[in-house]
Amino acid sequence: WEKALHMFGLTADSKVESNTITFNAAISACEKCGQWSRALRLLGIMAQSKVELSTVTVNAAITACARGGEWEKGCQILRDTMQSKMELDTITMNAAISACDKGSQWEKCLQFLSRMAQSTVKADTITLNAAIKACRKAGMWEKAVELLGDMIQGQLELNSITVSAVISACEKEEEWETALHIFSVLVQFQVEADTITHVAAMSAIGKAGGWEEAMQIFGEIAEPDRVAFSAAITVCEKNHKWR
């Protein structure tokens, strides 16, 4: 990114006029390294120079803020963009929702989802995964399950990230029966479960005394790692099944 900004500086110092493409390249370089302050500085220069913003510009700037843990600044960019009536896309909203997820702002995530539902911008798997993860962090297991239902109803692709996040949300609130039901969704929708998904289900079910079901899930792991064995041992310990 430093080399990219150096080249951008050379362009600014020369007689070559910077345009949207030039700024996009520089901001994208900042985004990849989480250099949110530099990305915002470039946005400011674009405004002063009256260089037209594009969706690519906004997406990169919001993502840079997300990676830098500056969810509020990412949301402000989105609000400013909405006021300018620039056409947004799914990537823009995903970037903003991901920023809110990283900032544990589950209510903001749901607000953006609601706005998407009222617009022509369609939510995708990445959108819902980020919102579900935010709900998990906040202990909102019912909302996480509801969002999973929305994904199924909308025929969006489910993946192990989706299911793991919902199961983990249920685990935090000891809703083991719901967690077991969600785990069964994997088979129904042919979602390939990874070790993280299995461990989340084991932990949720084991906490509520369902050690036999937890051990059955453990047996389904093709190649258990240290995390999986630790989870299995913890389940047995909590349920006094040491033999």
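In what pattern do the helices follow one another along the sequence of the protein? Read from the start of the chain, the order is α-α-α-α-α-α-α-α-α-α-α-α-α-α. The model is predicted, with local features requiring pLDDT of at least 70 and side-chain atom pairs counted only at pLDDT 80 or more, while totals for chains, interfaces and linings use all residues. Residues are numbered from 1 along each chain as its sequence is written, and side-chain values use heavy atoms, with hydrogens and water left out.

The secondary structure consists of 14 helices and zero strands, where helices (H or I, at least four residues) and strands (E, at least two) are DSSP runs numbered from the N terminus. The C-alpha trace spans about 80 × 40 × 25 Å along its principal axes. Of the contacts (heavy atoms within 4.5 Å) with a separation of 6 or more, 62% are between residues 24 or more positions apart.

Of the 243 residues, 43% are classed as buried; the classes are buried, under 20% relative accessible area, exposed, over 50%, and partly exposed, in between (1.4 Å probe, protein chains only). The exposed area of the protein is about 13,500 Å², of which carbon and sulfur atoms supply 50%. Accessible areas were computed by the Shrake-Rupley method with a 1.4 Å probe, and for residues only the protein chains shown count as cover.

The side chains include 24 positive and 30 negative ones, and the centres of the two sets are 8 Å apart. In this count Lys and Arg are positive and Asp and Glu negative, with His and the chain ends not counted; each charge is placed at NZ of Lys, CZ of Arg, CG of Asp or CD of Glu.

Five salt bridges were found, a salt bridge being a side-chain nitrogen of Lys or Arg within 4 Å of a carboxyl oxygen of Asp or Glu. One of them pairs arginine 67 with glutamate 31, with 3.2 Å between the closest N and O atoms. Arginine 67 belongs to helix α4 (residues 55–67) and glutamate 31 to helix α2 (residues 20–32), so this pair ties together parts 36 residues apart in sequence. Arginine 67 is partly exposed at 48% relative accessible area, whereas glutamate 31 is buried at 13%.

Another salt bridge joins lysine 133 to aspartate 101, the closest N and O atoms being 3.9 Å apart. Lysine 133 is in helix α8 (residues 125–137) and aspartate 101 in helix α6 (residues 90–102); the pair therefore ties together parts that are 32 residues apart in sequence. Lysine 133 is partly exposed, with a relative accessibility of 28%, and aspartate 101 is buried, with 4%. Asp101, Lys133 and Lys137 are joined into one network by salt bridges that share partners.

A further salt bridge links lysine 73 and glutamate 70, whose closest N and O atoms lie 3.6 Å apart. Both residues are partly exposed, lysine 73 at 34% relative accessibility and glutamate 70 at 22%.

A search of the whole structure for disulfides returned zero, the criterion being a pair of cysteine sulfur atoms within 2.5 Å. The sulfur of cysteine 100 has its closest cysteine sulfur in cysteine 75, at 3.4 Å, which is too far for a bond. Cysteine 100 is buried, with a relative accessible area of 0%. Cysteine 30 is likewise buried, with a relative accessible area of 0%.
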